[in-house]
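Hello,

Here is the structure I promised to pass on. Please open it first, then read the notes below with the chain in view.

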Amino acid sequence: MNVSLIAIDLAKNTFQVCGVNRQGKEVLNRPISRKKLTALIAQYPGIPIAMEACSGSNYWGRTFQKNGHEVLLIPPPHVKPFVKGNKNDRNDAFAISEAARRPKMRVVAPRSLEQTDMILLHRIRERRVHARTALLNQMRGLLSEYGIVLPAGIATLRNALPLLLEDAENGLTVAARRYLQELLDEWRDLDDRIHADKHSIRALARESPAACRLMDVRGVGDMIATAALAKLGRGDQFKNGRQFSACLGLVPREHSSGGVQKLGGISKRGDDYLRRMLIQGAWAVIRYAEGRQDRLSRWALQVKERRGKHKAVIAVANKLARIIWALVRHETAYCPA
C-alpha cells in the first residue's frame, strides 16, 4: 500500500491506526492491540507518524523515533476541527492525519527521558502542593463549625493549631481534637514530602549544565530552570523566543476584524504551570530592581514607571521566557551587561 503518513489514535489497549497516501486518501484504518502496534509500524519503515499530544504519546514517540520514524505530536484542540461526522476511533484517527498534513500545523517532538524525569518531579510536587492547600482549607472550614475563625495565612494556622488542640476551653470536643490532630499529622507529612521534592529538583538543576546556565539569569531559580528545560528540550521546535513566550500564553490575545486591531490581556494559552513560575520570578526581579545596574533591572524599572507594576511583571516574564529560549537553543552563557 502506498502510505505516506500514519496517524495513530492512542488508547490504553486498543489503538486505531490510519494510513493515508500523498493525496490524503485513506488506504488503511483499523484497530490494533497494544502488543501488535510496534510490529505493524515496522512494516512501514521511514513513514512519518502523527499522534495527539496526550498521555503515552511521548513514550510511543520515543519508540518510533528509535526505529527511524519522524514523529509529529499535535495538540488535541488542533485536531478536533478536522473530525467529520460522528465521533469514533476511525474518524478520530483520520482527523489526526488531516491535521498533520496542514502546512502550518504546530507540532512538537516527544520528550526525552531526561525531560520526562524533570517534569515528573514537578508534577508530583504540584499535586502535593494542591493537596496541602485543600487540606488547610478543610481544616479552616471544620474549625469554623466550632466557632473558631483564624486570620488568613499558612503560618498563622501552623502556629495556632497546636495551641487550639491543647486549649481545653475553646469548645472543641474530644472527637474533634482527635480528627484535627490526624489532619495536622497529615499536613506535616505533606510538608516533609514537598520539602524533599524541592531538594530533589535542586539536585537535578545542579547536575544539569543547561540548568546552571539558566540560573545565572535574575529571577530564574532551580524550579524555573528545570521546568523550562522539561518544556523546551533543545528549543529547536520554536523559531524564536517570541514563539516560546506565545506558547506559554505571555503575549496579548487578539480579536481583530475589518482591519481594526484589538489587543487584550495575555492569552494564557499553553503551559500554565511554567507561566505562573515565570511570573513569580518576574515579581522577584521587579521587587529587587531598585539600585541594580544590570540591563534587565533597569529595563524593568522603566516599564514599571511607564505602565505600572502589574504590566511590568508580565513584560519581564515575557523577557525571561525569550532569554531562556535563547540560552537553551544556542547553548550560550548569560551575559547580564
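**Ala282 and its surroundings**

Ala282 sits in helix α11, which covers residues 272-287. A word of caution before going on: this is a predicted model.

Is Ala282 buried or exposed? Its relative accessible area is 0%. Buried means under 20% here, so Ala282 counts as buried. Which residues does Ala282 touch, if those up to four places away in sequence are not counted? They are Val313, Val316, Ala317 and Leu320. Ala300 is 18 residues from Ala282 along the chain. The C-alpha atoms of these two are separated by 9.1 Å.

**The chain overall**

Now step back to the whole chain. It has 13 helices and 7 strands. Its radius of gyration is 25 Å, while the globule rule gives 20 Å for 337 residues. The value is well over the rule, so the chain is more spread out than a compact globule. Along the principal axes, the C-alpha atoms fill a box of roughly 80 × 55 × 50 Å.

How much of the chain is buried? The share is 42% of the 337 residues. The accessible surface comes to about 19300 Å². Carbon and sulfur atoms hold 51% of that surface.

Contacts also reach across the sequence. Take those with a separation of 6 or more: 55% of them join residues 24 or more positions apart.

On charge, the chain has 56 positive and 32 negative charges. The mean positions of the two sets are 9 Å apart.

**Strands β1 to β3**

Start at the N-terminal end of the numbering. Strand β1 spans residues 5-9. Strand β2 spans residues 14-20. The two pair in the antiparallel sense, over 5 bridges. A hairpin of 4 residues joins β1 to β2. What is the bridge partner of Leu5 in β2? That partner is Val20.

Strand β2 also pairs with strand β3, residues 26-33. This pairing is antiparallel too, with 7 bridges. Here Val17 has Arg30 in β3 as its bridge partner. The hairpin of β2 and β3 has 5 residues between the strands. Gly24 in that hairpin takes a positive phi near 85 degrees.

So β2 has β1 as one antiparallel partner and β3 as another. Strand β2 is also mostly covered, with 6 of its 7 residues buried.

**Gly46**

Move on to the loop between α1 (34-42) and β4 (49-52). Gly46 has its place there. Where does Gly46 make contact, leaving out residues up to four places away in sequence? It touches Gly68 and His69. Gly68 is 22 residues away along the chain, yet its C-alpha atom is separated from that of Gly46 by 5.7 Å.

**Arg132**

The last site is in helix α5, residues 113-144, where Arg132 lies. Its relative accessible area is 18%. That is under the 20% cut-off, so Arg132 is buried. Neighbours within four places in sequence aside, Arg132 is in contact with Ile154, Trp187, Leu190, Asp191 and Ile194. One of these, Asp191, is 59 residues away along the chain. The C-alpha atoms of Arg132 and Asp191 are separated by 7.9 Å.

Best wishes

Technical notes: Residues numbered from 1 in each chain as written. Predicted model: local features only at pLDDT ≥ 70, side-chain atom pairs only at ≥ 80, totals over all residues. Heavy atoms only, no water. Rg over C-alpha atoms; globule rule 2.2 N^0.38 Å. Buried < 20%, exposed > 50% of the residue type's maximum accessible area, 1.4 Å probe, protein only. Contact = heavy atoms within 4.5 Å. Areas by Shrake-Rupley, 256 points an atom, 1.4 Å probe, with all protein chains shown as cover. Lys, Arg positive; Asp, Glu negative; His and termini not counted. Charge placed at Lys NZ, Arg CZ, Asp CG, Glu CD. Pairing = 2+ DSSP bridges.
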